[in-house]
Amino acid sequence: MLEARRLSLDDRLRGATVEIPAGRVTAICGPNGAGKSTLLRLLAGVLIPTNGEALLDGTRLQDMKPRERARAIGYLPQEPQIAWDLSVRNLVALGRLAHGSVRGGNRQKPVDAALSALSLERFADRPVSTLSGGERARVLLARVLAGEPRFIIADEPFGSLDLAHQASLARHLRAQAEAGRGVVVVVHDLGLAHNIADRVVLMKSGDVLADGPPDDALSPAKLKAAFGIEGTWLGEQGARVLSVQAR
Amino acid sequence: MNRPNRPNLILLACLLVAIPLSLLAGRAWIFGQEQGTALLIIADLRLPRAFLAVTVGAGLGAAGAAMQGYLRNPLADPGLFGIAPGAALGAVLSFYFGYAASGWLLPIMALTGAGGAMALLALLAGRGGGIALFTLAGLMIASLAGALTSLVISLAPNPWALSEIVTWLMGALTDRSWADVALAAPLTLVGIVVLARAAPALDALTLGEDAARSMGVRMDHLLALLVVGVGMTIGSGVAVAGIISFVGLMVPHLVRPLTDRRPSSLIVPSALAGGLMVLVADSVLRALPLITELRLGIALSLIGAPFFLWLLLRLRRGGTLGLT
C-alpha cells in the first residue's frame with residue numbers, strides 16, 4: 001500500500017491524505033495548480049514533504065534507500081525529457097538501473113518483457129528520435145515497466161497523444177493494474193478519467209476535494225466545486241462523456 | 001558487450017601509433033641526429049611531453065563528457081564549472097609569490113585553486129544539487145575567478161612576472177619534465193575513475209532530474225562525484241599545462257557518434273580521444289616551421305571557437321546534436 005498522510009509541501013499541497021491500493025487504477029483530477037503533480041512527485045519520493053508523510057507499507061519514503069524505493073515505485077514525469085538519442089532498448093534498459101547493472105544476460109529479460117508488453121519489439125534498435133510521439137510515450141512507459149515496480153505513477157501521460165494512442169495507453173495501464181500493480185495517473189480529460197479509473201481523487205488548490213468511485217468523485221456537484229463548470233455525464237458506464245455547458 | 005568497447009579499442013590503437021610518431025616530430029626531427037642526442041631528446045623532452053599531452057587531454061575529454069552528461073547540454077565545457085578558472089587563479093597567484101622560489105608552488109597552488117572552486121561550488125549548489133543552480137553557481141565562480149585573475153595580473157610586481165603570467169594563461173606543454181607527469185598522471189587517472197563511477201547516474205539523468213531521482217539516483221552523491229572527478233582532472237591538467245580550452249567541448253562531440261550515445265559509454269572513449277587530440281595538436285605545433293612555437297592553448301582555441309560556433313549554427317538550423 002502506497003499512501004499519503006496529511007502530506008504537505010509549502011502552499012502547493014495542504015495536508016492531502018490518499019491511499020493507493022495495489023491492483024487498481026487511481027486517477028488524480030483537478031484544475032491547473034490543484035497540486036496533482038506535487039502529490040505525485042511526493043508519492044514517487046522525488047520531493048520531500050514539509051509536513052506529513054508518504055508511506056510505502058508503513059515506511060516513510062525518505063527513510064528508504066533510494067534504490068529500494070525506486071525498485072518499488074516507478075515514476076513517469078510530466079513532459080518527460082530525453083536528452084540523448086539512445087536506442088529504444090537502451091532507453092528502456094534504464095529502468096533496470098535501481099536493480100544494479102543495466103547490462104548482462106538475465107537483466108535483459110525484464111527489458112524484453114517490457115518491450116513486448118508495449119509492442120515495441122520491432123523498434124528496439126531504432127534511435128528514439130525516429131519515433132512518433134505516441135511511440136515515444138510507449139517507450140517511456142516501457143522504461144517504467146522494465147523496473148518491475150509494484151506501483152506505477154504517471155503524470156499526465158495522455159497529454160500529447162491522439163485518441164487512438166490515448167486508448168492504447170489506457171489499455172496498457174489497465175493491464176498493469178490487472179497484473180496486480182497499483183497505478184496512479186494524473187488525467188486532465190475527465191471523460192477518460194471516468195472510464196479508465198477504479199477510483200478518482202479530485203483536487204483543488206492543494207486540497208483533496210473528493211476521493212471515491214468515479215461516479216461519486218466526479219459528480220456534477222463536485223465538478224462545479226472543483227472547476228466551476230455545469231457538467232452532465234452522458235453515455236454508458238465505461239464509455240462516459242462529459243457534456244459541459246458553455247454558458 | 002562488444003560494441004561499446006569498439007571505439008575504445010580503435011582510439012587506443014590510434015594512441016599507440018601516435019605516441020611513437022610524436023616522438024619523432026619536432027623542431028629537430030629525430031632522424032639525422034646523433035644517437036646520443038636523439039636518445040636524450042626522446043627520453044628527457046619528448047617522452048614526458050607526449051605522456052603529459054595524453055594525460056592532460058584525457059582529463060579534459062573525460063571531464064567534458066561527464067559535464068555534458070550532467071548538464072544534459074552538448075555545449076557544456078569544463079570551464080563552465082569554474083574549476084578550470086579556479087585552478088588558473090591559483091597558478092597565477094603562484095607567479096605573484098614568485099614561481100622561481102619553488103617549482104612545486106605552482107602545481108600546489110593550481111590544485112588548491114581547483115579545490116577551492118570545488119568546495120565553493122559544492123557549498124553554493126548545496127544538498128539539492130539542482131542543475132540550474134549548479135550551472136549558475138559554476139558561471140559565477142568562473143567569472144569571479146576570472147576577475148581575480150585579472151586583478152592579480154594588474155597588480156603584477158614587475159614586467160617579468162607579468163609576462164610569465166600571461167604566457168602561463170596561454171597554456172602549453174613546452175619544457176615539461178617527468179616530474180610534471182608524475183604529478184598529473186595519477187591525479188588525472190583517479191579523477192577519470194571517479195567520473196566513470198558517476199556514469200550510471202548520468203545515464204539516468206538522460207530522462208531528466210525527476211526521473212533520475214525516482215530511479216534511485218542520489219543527486220547529492222552524483223554532484224560530489226562530479227565535483228571531485230572534474231576537480232582532479234582539470235586541476236591537475238591546469239597545474240602542468242595552463243589553460244587549454246575547448247578540448248572538453250569538442251572531444252565528446254566527435255566521439256558521441258561512435259558510441260550508443262549513453263553518457264556512460266562516452267567517458268572512457270572521450271578520455272582516449274582527448275589524449276589523442278592534445279597529443280596530435282602538440283606534435284603538429286612543435287613541427288611547424290615557425291619562429292616561435294604557436295602555444296597549444298591558443299592553437300586549440302583557434303580550432304575550438306569556430307567549432308563551437310558551428311555547433312551553435314547547427315542548433316539554430318534545427319539540427320539535433322544527438323538530442324531528440
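**Two sheets, many helices: a walk through a two-chain model**

Hi everyone, let me start with one pair of residues: Arg5(A) has Glu53(A), in β4(A), as its bridge partner. Before going further, please keep in mind that this is a predicted model. With that said, let's see where the pair sits.

The strands here are β1 of chain A, residues 2-9, and β4 of chain A, residues 51-56; 5 bridges hold them in an antiparallel pairing. As a reminder, strands of a sheet pair through backbone hydrogen bonds, and they can do so parallel or antiparallel. Now step back a little. β1 and β4 belong to an open sheet of 4 strands in chain A, ordered β2-β1-β4-β5, and the pairing in it is antiparallel. Which strands sit at the edges of this sheet? They are β2 (13-20) and β5 (59-60) of chain A, each with a partner on one side only. And there is a helix on this sheet: α1 of chain A, residues 36-43, packs against it and touches β1, β2 and β4 of chain A. If you follow the directions, α1 makes about 125 degrees with β1(A).

Let's turn to another sheet of chain A. This open sheet has 6 strands, in the order β6-β7-β8-β3-β9-β10, and its pairing is mixed. Its edges are β6 (73-76) and β10 (207-212) of chain A, each pairing on one side only. From one strand to the next, the twist averages 15 degrees.

I'd like you to rotate your view to β9 of chain A, residues 199-204. Is this strand mostly covered or mostly open? It is mostly covered, with 5 of its 6 residues buried. On one side, β9(A) pairs with β3 of chain A, residues 25-29, in the parallel sense over 4 bridges. If you want a landmark there, look for Ala27(A), which stands opposite Val200(A) in β9(A).

β9(A) also pairs with β10(A), and here the two run antiparallel, joined by 5 bridges. Two partnerships are easy to find on screen: Leu202(A) is bridged to Ala210(A) in β10(A), and Lys204(A) is bridged to Asp207(A), also in β10(A). The two strands make a hairpin with 2 residues between them, and what does the backbone of Ser205(A) do in it? Ser205(A) takes a positive phi, near 50 degrees. Then there's a helix to add to the picture: α9 of chain A, residues 220-227, lies across β9 and β10 of chain A and runs at about 160 degrees to β10(A).

So much for the details; here is chain A as a whole. Chain A has 9 helices and 12 strands. Its radius of gyration is 18 Å, close to the 18 Å that the globule rule gives for 247 residues, so chain A is as compact as a globular protein of that length. Its C-alpha trace spans about 55 × 40 × 30 Å along the principal axes, and 48% of the 247 residues count as buried. Taking contacts between residues at least 6 apart in the sequence of chain A, 65% link residues at least 24 apart.

Now for chain B. How many helices and strands does chain B have? The count is 13 helices and 0 strands. The radius of gyration of chain B is 20 Å, close to the 20 Å that the globule rule gives for 324 residues, so chain B too is as compact as a globular protein of its length. Its C-alpha trace covers about 65 × 50 × 35 Å along the principal axes. Of the 324 residues in chain B, 51% are buried. Among the chain B contacts between residues at least 6 apart, 80% join residues at least 24 apart.

Finally, let's put the chains together. The contact draws on 25 residues from chain A and 23 residues from chain B. On the chain A side, helix α2 of chain A (residues 66-72) gives the largest share, with 4 residues. Sorted by class, that side has 15 nonpolar, 5 polar and 5 charged residues.

A last word on confidence. The model scores ipTM 0.91 and pTM 0.88. Chain B averages a pLDDT of 84, and 92% of its residues score at least 70. Thanks for listening, and I'm happy to take questions!

How values were computed
Residues are numbered from 1 along each chain as its sequence is written. Chains are lettered from A and ligands numbered from 1 in the order in which they are written. This is a predicted model: local features need pLDDT of at least 70, side-chain atom pairs count only at pLDDT 80 or more; totals for chains, interfaces and linings use all residues. The radius of gyration is taken over C-alpha atoms; the globule rule is 2.2 Å times the number of residues to the power 0.38. A residue is buried if 20 or more other C-beta atoms lie within 10 Å of its own, exposed if 12 or fewer, and partly exposed in between; C-beta atoms are placed from the backbone. Two residues are in contact if their C-beta atoms, placed from the backbone, lie within 7 Å. pLDDT is the predictor's confidence in each residue, from 0 to 100. Ala, Val, Leu, Ile, Met, Phe, Trp, Tyr, Cys and Pro count as nonpolar, Asp, Glu, Lys and Arg as charged, and the others, Gly among them, as polar. Two strands pair if DSSP finds at least two bridges between them. Axes are lines fitted to C-alpha atoms, for helices over the stretch in contact, and angles run from 0 to 180 degrees between N-to-C directions.
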